[in-house]
Amino acid sequence: MVLSRAASESDQSIHSTFASRYVRTSLPRFRMPENSIPKEAAYQIINDELMLDGNPRLNLASFVTTWMEPECDKLIMDSINKNYVDMDEYPVTTELQNRCVNMIAHLFNAPLGESEAAVGVGTVGSSEAIMLAGLAFKRKWQNKRKAQGLPCDKPNIVTGANVQVCWEKFARYFEVELKEVKLSEGYYVMDPAKAVEMVDENTICVAAILGSTLNGEFEDVKLLNDLLTEKNAKTGWDTPIHVDAASGGFIAPFLYPELEWDFRLPLVKSINASGHKYGLVYAGIGWSIWRSKEDLPEELIFHINYLGADQPTFTLNFSKGSSQIIAQYYQLIRLGFEGYRNIMENCQENAMVLKTGLEQSGRFNIVSKDDGVPLVAFSLKDNSRHDEFAVSEFLRRFGWIIPAYTMPADAQHITVLRVVIREDFSRTLAERLVLDIEKALHELDAMPCKKDMENQITKSAATAWMKLVEKSKSKNKGIC
């Protein structure tokens with residue numbers, strides 16, 4: 001005799017998320033739902049929506065790391081519930097951060113004694129690192145001006161117009177004037193000579209960019225240091241330099257070890273770098289390193305003890321995860337100098353493959369330099385039929401996310417496309433991208449050009465208007 005029973009509604013073994021009521025009714029988008037739903041349904045609903053996001057590996061607009069080894073992924077997940085700020089509870093995590101700070105400081109040639117500890121802090125990215133460095137410069141300048149009995153209410157920073165938006169945020173949030181050196185066609189980084197001309201007694205620092213967001217180019221920090229040293233000697237000022245090495249900080253030591261841009265230059269007092277860019281860690285980690293303790297005013301450091309012990313802290317936020325710090329330490333000891341150098345060399349070689357392919361097409365001008373961040377910035381030689389924005393939009397059909405943008409003042413008439421070469425962008429992908437760009441251009445060439453479309457629209461509008469006028473005349477004929 002065969003025994004059987006009807007499945008009850010509570011029999012979870014036969015339930016399917018896609019057969020449930022949870023995928024047949026929409027959830028409120030901007031209010032918390034009244035009732036709970038099963039974890040499987042919640043996961044599936046969110047996962048389904050996330051499928052519409054772009055593929056991070058094909059997002060060539062971003063400098064941020066999109067791949068790490070499975071072993072590091074496991075370390076990240078194992079420590080995702082650790083709050084870094086609880087230093088007394090997680091002393092090993094704190095120790096790992098201190099090791100990272102010292103490794104990076106030595107990488108940047110900080111003048112440290114044999115047993116001297118480096119001065120630095122992990123941040124959530126270079127934006128926070130820049131804010132902290134800027135605050136240190138502002139406070140040092142204010143303290144000196146007050147001691148001299150001079151006004152200290154109009155601080156300024158000198159930068160190039162190519163700086164990342166975080167510098168504009170710092171200036172606006174912390175009431176510092178941003179004096180920008182304008183760009184020019186063919187010269188898309190800060191001119192050191194013009195920057196030094198703009199320095200005055202209220203300048204808290206000059207910010208140099210090691211790896212411009214626009215075209216990857218390194219600014220000449222050595223020349224800036226030399227020119228600023230001369231001006232300081234003539235004026236009696238001691239205007240320092242900050243190096244924004246968000247992109248280039250983990251590139252220059254391995255590809256260009258002889259390049260002087262870091263603490264080898266006396267006026268460089270602080271450097272920021274993004275661990276989540278070419279430091280090869282997922283988004284959420286940056287580093288701010290100071291030359292010495294004297295360059296970080298003590299009054300900016302807070303000391304707390306309500307988490308179990310005296311803990312110094314200099315950050316804009318308080319709680320943050322430990323995972324990215326642990327991941328950075330993993331990469332530093334896993335890869336070592338040799339591993340980072342090999343990866344950066346691969347990135348640079350793949351950038352050259354892409355550059356060569358674009359040049360051979362005969363359709364583009366290359367705006368980026370061979371030396372610098374491994375990226376390729378390029379513009380159309382002839383944009384009369386279609387522009388760089390059209391190319392960018394068309395490439396999304398193949399899955400590629402490649403930004404098109406205009407240069408800052410005074411080069412805003414120049415539009416470029418930019419491809420950032422990361423660790424996970426192989427030579428095969430570089431060759432494939434060239435083919436897809438050629439396909440996109442071929443299909444765009446077959447379409448009506450912008451001017452023809454504009455003229456057609458204008459002609460159609462004029463024709464429609466004339467018909468309307470004639471129709472109106474015929475209706476009103478004979479009426480006084």
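The protein chain has 12 helices and 13 strands. The model is a predicted one. Of its 480 residues, 47% are buried. Among contacts in the chain with a separation of 6 or more, 69% join residues 24 or more positions apart.

**Stop 1: the sheet of seven strands**

Select strands 1 to 7. These 7 strands form an open sheet in the order 1-7-6-5-4-2-3, and the pairing is mixed. Strand 1 (119–123) and strand 3 (177–181) stand at the edges; each has a single partner strand, so one side of each is left without a neighbour in the sheet. From one strand to the next, the twist averages 20°.

Begin at the edge with strand 1. Strand 1 pairs with strand 7 (residues 286–290) in the antiparallel sense, over 5 bridges. To find the register, pick G120: its bridge partner in strand 7 is I289.

Now add helix 4 (residues 126–147) to the selection. Which strands does helix 4 lie across? They are strand 1, strand 4 (203–209), strand 5 (241–245), strand 6 (268–274) and strand 7. Relative to strand 6, helix 4 runs at about 165°.

**Stop 2: strand 5**

Keep the sheet on display and colour strand 5. All of this strand is buried, 5 of 5 residues, so strand 5 is largely enclosed by the rest of the structure. In a regular strand, side chains alternate between the two faces of the sheet. Show the side chains here: I241, V243 and A245 are on one side, H242 and D244 on the other, and all are buried, so both faces of strand 5 are covered.

Next, look at the two partners of this strand in turn. With strand 4, strand 5 pairs in the parallel sense over 4 bridges. Select I209 and its bridge partner in strand 5, D244. Bring in helix 7 (residues 221–235) as well: strand 4, helix 7 and strand 5 make a right-handed β-α-β unit.

With strand 6, strand 5 again pairs in the parallel sense, here over 5 bridges. Select H242, and S270 in strand 6 stands opposite.

**Stop 3: the sheet of four strands**

Hide the first sheet and select strands 10 to 13. These 4 strands form an open sheet in the order 10-11-13-12, with antiparallel pairing. Strand 10 (364–366) and strand 12 stand at the edges, each with a single partner strand, so one side of each has no neighbour in the sheet. Here the twist averages 40° from one strand to the next.

Strand 10 and strand 11 pair in the antiparallel sense over 3 bridges. For a marker of the register, select N365; its bridge partner in strand 11 is S379.

Add helix 9 (residues 323–361), which lies across strand 10, strand 11 and strand 13. Helix 9 runs at about 15° to strand 11. Within helix 9, select R341. Is R341 buried, partly exposed or exposed? Its relative accessibility is 30%, so R341 counts as partly exposed. Now draw a distance from R341 to A252: the two are 89 residues apart in sequence, and their C-alpha atoms are 9.7 Å apart in space.

**Stop 4: helix 10**

Select helix 10 (residues 388–395). Its buried residues are E388, V391, S392, F394 and L395. Why do they fall on the same side of helix 10? They do so because they cover an arc of only 165° around the axis.

To see what covers these buried residues, show strand 11 (375–380), strand 12 (404–406), strand 13 (415–420) and helix 11 (427–445), which are included in the cover. Then move to the start of helix 10 and select D387 and F389. A side-chain oxygen of D387 reaches to within 3.2 Å of the backbone nitrogen of F389.

**Stop 5: S62**

Last, select S62, placed in the loop between helix 1 (39–50) and helix 2 (70–78). At 19% relative accessibility, S62 counts as buried, because buried means under 20%. The side chain of S62 reaches the backbone nitrogen of V64 at 3.0 Å. Leaving out residues up to four places away in sequence, S62 touches V420 and R422.

Definitions and conventions:
Residues numbered from 1 in each chain as written. Predicted model: local features only at pLDDT ≥ 70, side-chain atom pairs only at ≥ 80, totals over all residues. Heavy atoms only, no water. Buried < 20%, exposed > 50% of the residue type's maximum accessible area, 1.4 Å probe, protein only. Helix = DSSP H or I, 4+ residues; strand = E, 2+ residues; numbered from the N terminus. Arc of directions from axis to C-beta. Contact = heavy atoms within 4.5 Å. Polar contact = N/O pair within 3.5 Å; in protein donor to acceptor, adjacent residues only side chain to side chain. Pairing = 2+ DSSP bridges. Axes fitted to C-alpha atoms, helices over the stretch in contact; angles between N-to-C directions. Right-handed = clockwise from strand over helix to strand, strands pointing away.
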